[in-house]
Each structure stands twice: as C-alpha cells, then as structure tokens.
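Subject: Structure for you to look at

Dear colleague,

I am passing on the structure we spoke about, so that you can open it and follow along as you read. Please look through it once on your own before you turn to my notes.

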Number of protein chains: 2
Amino acid sequence: MSKPDKRDEIVRAALELIAEHGFHGAPMAMIADRAGVGAGTIYRYFENKEVMIADLYRDLEDRSFPVIKEGYEPEKTIRERFLHLCQALLRYFIENPVDFRFLEQFFNSPYGVEYRRDKIMGKKEGCDIFRELFEDGISQKSMKDIPLVILFDLAFGPILAVARDHILGFIALDEVLITCTVEACWDGVRR
Amino acid sequence: MSKPDKRDEIVRAALELIAEHGFHGAPMAMIADRAGVGAGTIYRYFENKEVMIADLYRDLEDRSFPVIKEGYEPEKTIRERFLHLCQALLRYFIENPVDFRFLEQFFNSPYGVEYRRDKIMGKKEGCDIFRELFEDGISQKSMKDIPLVILFDLAFGPILAVARDHILGFIALDEVLITCTVEACWDGVRR
DNA sequence: AGAAAAGGAATGAACGTTCATTCCGTATTG
DNA sequence: CAATACGGAATGAACGTTCATTCCTTTTCT
C-alpha cells in the first residue's frame, strides 16, 4: 500500500512519543521528526497540540472499544460478563502497551480529568456496556450495593495497576495470572 | 514571623503547585512567588528542580509514614492489620489531598517509576510494614498465593482510585464508604 | 565591617506556532 | 504532444514565549 497517509504517520508517532515520554516530553518537532514530516505539516491536520491530543484519544476509543466488546454476550450471568470484559480489557492493554501508556498520560492530564468529569456527571455517553453491567449487578444483588464509581474503582483500579506493572516489566503476566487477577477483582465487587 | 523557615515555605509552595498543576505546570518562578522568596533563593536550598522534587518526596515520606503506622499492632490478625493499614492510608490521602496529588504526579513521572523499580527489584527498603504483612498473609494462607506485586495492586489500586475520585469531587467519602471500600479490598486479596 | 543570605533581572535553551517559500501533480494552452 | 501556468500540500527557518538556572547587587545578621 503506497499510502500510509501523512496523518496516520503523525498519529502513530505522536502516540508512541507521548506514551513513552508524556505530553511535555514529546515536542511537536520530535513528533514531526519521527513521523517523517515537516514541523508545519502537523498543523495542516490538527489545529494545535491540544486539539491533536483530543483527536488522538478519540481515534484510540474508536479502535479499542470494538476490540474489547468483541465476543461479549449480554445473556450470560453477571459474573461471566464481568470476567469476560475485564479479561478483554487487560488483554487489550497488554497487547497494546502504547495505547495503555497514552491513556494513562491522558487521564492524568487536565483534559483527561475534565473528560471523566463530564462522563461521570451525566452528559457524555461512552463505553456504556460497563455501566449497564454494574447497574445490573447491583440490582440483581450479585454485586455490592455501593456507589457505582466505587465499584468501578474496585474493578479497574487493580486492572490498571497490574497492566502498568506488566508493561513496566515489574511482573510478567501470563494467562494464569490474568485469570487470577480478574477473578480477584470479581471477589472485590461481588456481594 | 520568626519560624517558618524559607525552606519550609518553598517546600509548601512547591508541593501545592505541583499537586495542582503537575511538574510542568509549576515553574520555579511561580513556586518562588507563592513561597514569598526570590527565584534565586530556591537554589540556595536545592541544587536544581529535579533534586528539589526528590527531596520533596523524601520529606513527604518522613511526614506520612509515621502517621500511617500509628496504632498499628503487629499481634492482631492479618485481616485486622490489613484493614487498619488500608484505612489509615485512605484517611491520610483524604486528609492530605495535596500530598496525595503530589504522590500521583511523582509516581507517574520518570523519577517515580525509577524509584519504584529500585524498590521492587530489591535494593531499597521502604515502608516494609506492608511487605511483611502481605508475606505473612500468604504464608499463613489467609491471602491469595499470587505474586506480591499483584497482591499490592489488588489492595492499593482501588484505594488510590477511590482517593483520587474523592479528591476530584466525583464522590464524597464518609466513614461508611471508607469501611466498605477497604473491606472490598480485603475481599480481593483474601484467599 | 565582613560574611552570609536573599533577591530578581539577565541569560540562553527549548518550546509551540507561524508563514514565506518550495514542491509536485494536474489542468490549460499553443 | 510539449510547454506552461496553476494551486494546494508540505516545508523548515524564524518568532515570540516560557522556563530553569545563573550572576551580581542589596539586605540581613553577627
């Protein structure tokens, strides 16, 4: 394929560098360099760095959500759905470390925090499969009856921590450890 | 105005600004300003910004560890010790949001990652109460027999996530919710 | 008075962004 | 068909800003 679009090259380079060095450690000049384009070219595709980061995130959502939802069967039990989703999430992170590191940077930045605020406080709709699952879990009394946000933290806190430690090389996750971790998360949220 | 040492003022100002805006959003000039000192004065107390950040972290450890260990009784059961420690930790974060936000920034930065690498990979000794507790927990078969790092993530992942959400205003933690959260963490790590 | 501490303007490096210019594929002309 | 004109895409040197750090003057302390 002759056409790795310039934009695609920029997106790839930006994701890599931001994942590796954070927003402030990834100057536009360096991104342009790695993408093999001129510094000014980036501004033909993105209004400025801030907008570029937001677009990077949107692209990433569009790529990752379908993968994570793949094979999800809403008819199964709460427990099975939970395990499936958490495993899919953890696997996605392990297989796409650049995406994971970028997400960490994003959600630790002011933009990410604001994004989350909008989502929690109503407005936005996102990967609502999770929300539905947890609401079902509570009303069917298979999960603890505590605020949704805390339930999320109990489930995703460990997933994110474990993914980070794997990617940083502090542990080597295999199938067995993934299963252990996800089941331990279930122990945390189950009633 | 006898006491508040210049150094203390600088530390306070730096902690606040870094907690609020991150390392890159807290220029030395702004720190000097808030501390009520000249820009050059900072360099009489800290060799440079990097060293200052490391010192800030060490100061913070010295202040927080004693508070968290307070009232810890090594004779009690694993479960009781775990609950005590996690509650103390979560309470400390809630009562010292500036410290918490600084720690988040620190551990998301290259320095923090390197610090953690040293600690996990042997060399350093830190708040070893936790390590001891978890090793006891495994050998006494009251905790899951999985790698220590994962056990840490299962316990602290949710604690940190919940503390963050509280400080960002996404939930309002009270005594009841703190207890719920910590007990859910126990459900995650217990055998 | 002399030494130590504090101050803040000066410095130079690094950054995001701009813009005059170049490049290149396509349309137009003779 | 060859030569020329055109226009949007791409470029990267240059700009203005911001930052950490230095340096020299002023203030404070003994």
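What follows is what was found in it, going from the two copies to a single helix and one residue beside it.

Please keep in mind throughout that this is a predicted model.

I would begin with how the two chains are arranged, since chain B can be laid on chain A with an RMSD of 0.1 Å by a turn of 180 degrees and a shift of 0.0 Å along the axis. The two copies are thus related as by a two-fold rotation axis.

Where they meet, 28 residues of chain B are in contact with 28 residues of chain A. On the side of chain B that touches chain A, two or more residues come from each of helix 7 (110-120), helix 9 (148-167) and helix 10 (175-189) of chain B, and helix 9 gives the most, with eleven residues. Sorted by class, that side of chain B has 19 nonpolar, five polar and four charged residues. Because 100% of the interface residues of chain B are also interface residues in chain A, the copies meet through the same surface.

Turning to the DNA, 15 residues surround DNA strand D, and the closest come from both chains, namely G38(A), G40(A), T41(A), P27(B) and G40(B). The residues of this surface near DNA strand D divide into seven nonpolar, five polar and three charged.

Within chain B, helix 5 (78-95) is worth following from end to end: it has 18 residues and reaches 26 Å from its first C-alpha to its last, close to the 26 Å expected at 1.5 Å a residue. Its buried residues are I78(B), R81(B), F82(B), L85(B), C86(B), L89(B), L90(B) and F93(B), and they cover an arc of only 155 degrees around the axis, which puts them on the same side of helix 5 of chain B. These buried residues pack against helix 4, helix 6 (97-108), helix 8 (128-139), helix 9 and helix 10 of chain B, whereas E80(B) and E95(B), on the other side of helix 5, are exposed.

Finally, please find Y72(B), which lies in the loop between helix 4 (49-69) and helix 5 of chain B. Is Y72(B) partly exposed or buried? With 13 C-beta neighbours inside 10 Å, Y72(B) counts as partly exposed. Leaving aside its neighbours within four places in sequence, Y72(B) is in contact with R81(B), H84(B), L85(B) and I129(B). Of these contacts, H84(B) is twelve residues from Y72(B) in sequence, with 7.1 Å between their C-alpha atoms.

With best wishes

Notes: Residues numbered from 1 in each chain as written. Chains lettered and ligands numbered in written order. Predicted model: local features only at pLDDT ≥ 70, side-chain atom pairs only at ≥ 80, totals over all residues. Near = placed C-beta within 6 Å. Nonpolar A, V, L, I, M, F, W, Y, C, P; charged D, E, K, R; others polar. Contact = placed C-beta atoms within 7 Å. Helix = DSSP H or I, 4+ residues; strand = E, 2+ residues; numbered from the N terminus. Least-squares fit on C-alpha atoms with pLDDT ≥ 70 in both. Buried ≥ 20, exposed ≤ 12 C-beta atoms within 10 Å, placed from the backbone. Expected span 1.5 Å × (residues − 1). Arc of directions from axis to C-beta.
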